[in-house]
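Please find below a note on the model under review, arranged as numbered points for a colleague who works with coordinates.

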Amino acid sequence: MLLRDLLKHQGVAFSCEFFPPKSDQGEANLWDCLQELRVINPAYVSVTYGAGGSTQDRTRRIVERIRTETDLSPVAHLTCVGSTREDLQRLLDQYQTSGIENILALRGDAPEGVGSFEAMDGGFAYASDLTSFIRDHGGFSTAVATYPEGHPESKGGVEDDIRYLKLKQDAGADAAITQYFFDNDSFFRFRDAAVNAGVTIPLIPGMMPIGNYAQIVRFSAMCGATIPDWLHAKMTPVADDLERVKSMGIELATEQCAALIAGGVNDFHFYTLNRSEATIAICQNLLGSDQ
Ligand SMILES: Cc1cc2nc3c(=O)[nH]c(=O)nc-3n(C[C@H](O)[C@H](O)[C@H](O)COP(=O)(O)OP(=O)(O)OC[C@H]3O[C@@H](n4cnc5c(N)ncnc54)[C@H](O)[C@@H]3O)c2cc1C
């Protein structure tokens with residue numbers, strides 16, 4: 001089903017993001033994880049797209065496997081990195097043939113150690129260009145990324161991000177999934193400003209349950225997510241006790257989601273990091289059941 005239709009639902013819905021594993025064992029774990037997550041009935045599941053060629057093939061293989069072997073709705077992440085229009089056209093044709101209907105269109109980042117992103121000759125420089133290319137191809141529903149605290153490269157801060165989000169909507173995006181954040185006020189401010197700028201597509205908060213605090217500090221420095229002082233003060237004393245961190249992470253994410261629901265949010269996208277436990281616990285807390 002097309003993403004734009006999957007998002008027309010009553011009540012609160014969840015989606016889950018995975019990365020394509022590198023080993024058979026990793027793939028077996030992913031399959032277990034997908035099975036376990038069925039208890040929260042994900043509206044869709046998305047698979048990330050790496051910078052290198054083999055990683056890109058893995059994304060295609062995994063979304064196609066999800067499509068043929070489960071009744072989950074897969075969303076394939078797709079970036080502009082290392083691809084010409086012809087490459088992208090070929091991949092979209094393949095997706096269409098195999099019944100993949102939903103794409104998360106991204107610019108992507110340079111592969112590790114390669115410096116900053118540079119558009120390929122004959123490729124695209126921005127996610128908005130890729131989004132309109134997908135719209136012109138036809139047959140897909142497209143989501144894009146957005147950044148309530150600003151993308152690390154945005155020179156004009158959050159205002160730039162809102163302008164580019166509107167460009168992506170105008171290019172055909174049906175929804176935008178956010179970078180994770182821990183301060184709900186930054187999301188609400190961003191949402192209000194986006195609506196004022198004419199953004200009408202759903203803004204879906206990306207949720208990152210904290211399972212390993214040191215890792216979250218590292219990720220956040222790279223992607224520009226702020227760690228509020230209150231969170232740092234809570235997590236620092238327990239950072240070495242992984243079980244404690246996990247249970248506090250579940251508790252904090254449940255509270256964060258509950259406050260977002262109170263502020264009118266109906267869709268949540270979980271960065272699962274190929275683990276199901278925290279996402280299931282948070283969603284079950286929110287649904288108030290142990291289904
Ligand atoms: C939900 C989500 C999923 C992700 N999945 C992946 C993944 O699978 N693989 C991966 O490699 N990365 C992924 N990323 C990371 C993403 O690729 C990076 O954040 C990347 O740096 C920007 O991608 P974008 O699509 O937001 O780019 P863009 O929207 O193109 O923005 C990139 C930069 O250019 C600026 N900009 C945008 N449009 C214009 C314009 N017209 N003129 C001038 N400047 C402009 C923006 O402000 C920003 O600074 C994901 C991010 C999110 C939030």
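The points below take up the ligand shell, the strands, the nonpolar core, two helices and several backbone angles.

1. Status of the model. This is a predicted model. Side-chain atom pairs are counted only at pLDDT 80 or more, and local features need pLDDT of at least 70.

2. Ligand shell. The ligand is surrounded by 24 residues, of which Thr48, His77, Arg107, Ala127 and Ala145 come nearest. Two or more residues of the shell are supplied by each of β3 (74-79), β4 (102-106), α5 (127-137), α6 (158-170) and β6 (175-180). The most is given by α6, with 4 residues. By character, the shell divides into 10 nonpolar, 9 polar and 5 charged residues.

3. Strand β6 and its partner β5. How many of the residues of β6 are buried? The count is 6 of the 6, so β6 is largely enclosed by the rest of the structure. Strands β5 and β6 run parallel and are joined by 4 bridges. The chain passes from β5 through α6 to β6 in a right-handed β-α-β crossover. Within this pairing, Val144 has Ala176 in β6 as its bridge partner.

4. Strand β7. On its other pairing, β6 meets β7 in the parallel sense over 3 bridges. Ile177 stands opposite Ile204 in β7, and Tyr180 stands opposite Gly206 in β7. A right-handed β-α-β unit is formed by β6, helix α7 (residues 184-196) and β7. Strand β7 (residues 203-207) is mostly covered, with 4 of its 5 residues buried. It also runs parallel to strand β8 (residues 267-271), to which 2 bridges join it. Here Gly206 stands opposite His269 in β8. Gly206 thus appears in both pairings, facing Tyr180 and His269.

5. Nonpolar core. The largest nonpolar core has 77 residues, and among these Ala105, Ala143 and Ala176 touch the most other members. Helix α10 (residues 242-262) supplies the largest share of this core, 5 residues. For Ala176, once neighbours within four places in sequence are set aside, the contacts are Ala143, Val144, Ala145, Thr146, Leu165, Lys168, Ile201, Leu203 and Ile204. One of these contacts, Ala145, is also among the residues that come nearest to the ligand.

6. Strand β2 at Val47. Val47 lies in strand β2. Is Val47 buried or exposed? With 23 other C-beta atoms within 10 Å, Val47 is buried, because 20 or more such atoms are enough for that class. The C-alpha atoms of Val47 and Phe18 are separated by 4.9 Å, although the two residues are 29 residues apart along the chain. Beyond its neighbours within four places in sequence, Val47 is in contact with Phe18, Pro20, Thr59, Ile62, Val63, Pro74, Ala76 and His77. The last of these, His77, is likewise one of the residues that come nearest to the ligand.

7. Helix α5. The buried residues in α5 are Ala127, Ser128, Leu130, Thr131, Phe133 and Ile134. Their cover includes β3, α4 (85-97), β4, β5 (141-146) and α6. Ala127 is both buried and among the residues that come nearest to the ligand. Just after α5, Gly138 adopts a positive phi of about 85 degrees.

8. Helix α11. In helix α11 (residues 277-287), the buried residues are Ala278, Thr279, Ile280, Ile282 and Cys283. They are covered by elements including β1 (13-18), α2 (24-36), α10 and β8. Gly288, just after α11, takes a positive phi of about 65 degrees.

9. Asparagines with positive phi. Asn41 is not a glycine, yet its phi is positive, at about 50 degrees. Asn41 is placed in the loop between α2 and β2 (44-47). It is exposed, with 12 other C-beta atoms within 10 Å. Asn274 is likewise not a glycine and has a positive phi of about 60 degrees. The loop that holds Asn274 runs between β8 and α11. How is Asn274 classed? It counts as partly exposed, because 17 C-beta neighbours lie inside 10 Å.

Key:
Residues numbered from 1 in each chain as written. Near = placed C-beta within 6 Å. Nonpolar A, V, L, I, M, F, W, Y, C, P; charged D, E, K, R; others polar. Pairing = 2+ DSSP bridges. Right-handed = clockwise from strand over helix to strand, strands pointing away. Core = buried A, V, L, I, M, F, W, Y, C linked by C-beta atoms within 7 Å. Contact = placed C-beta atoms within 7 Å.
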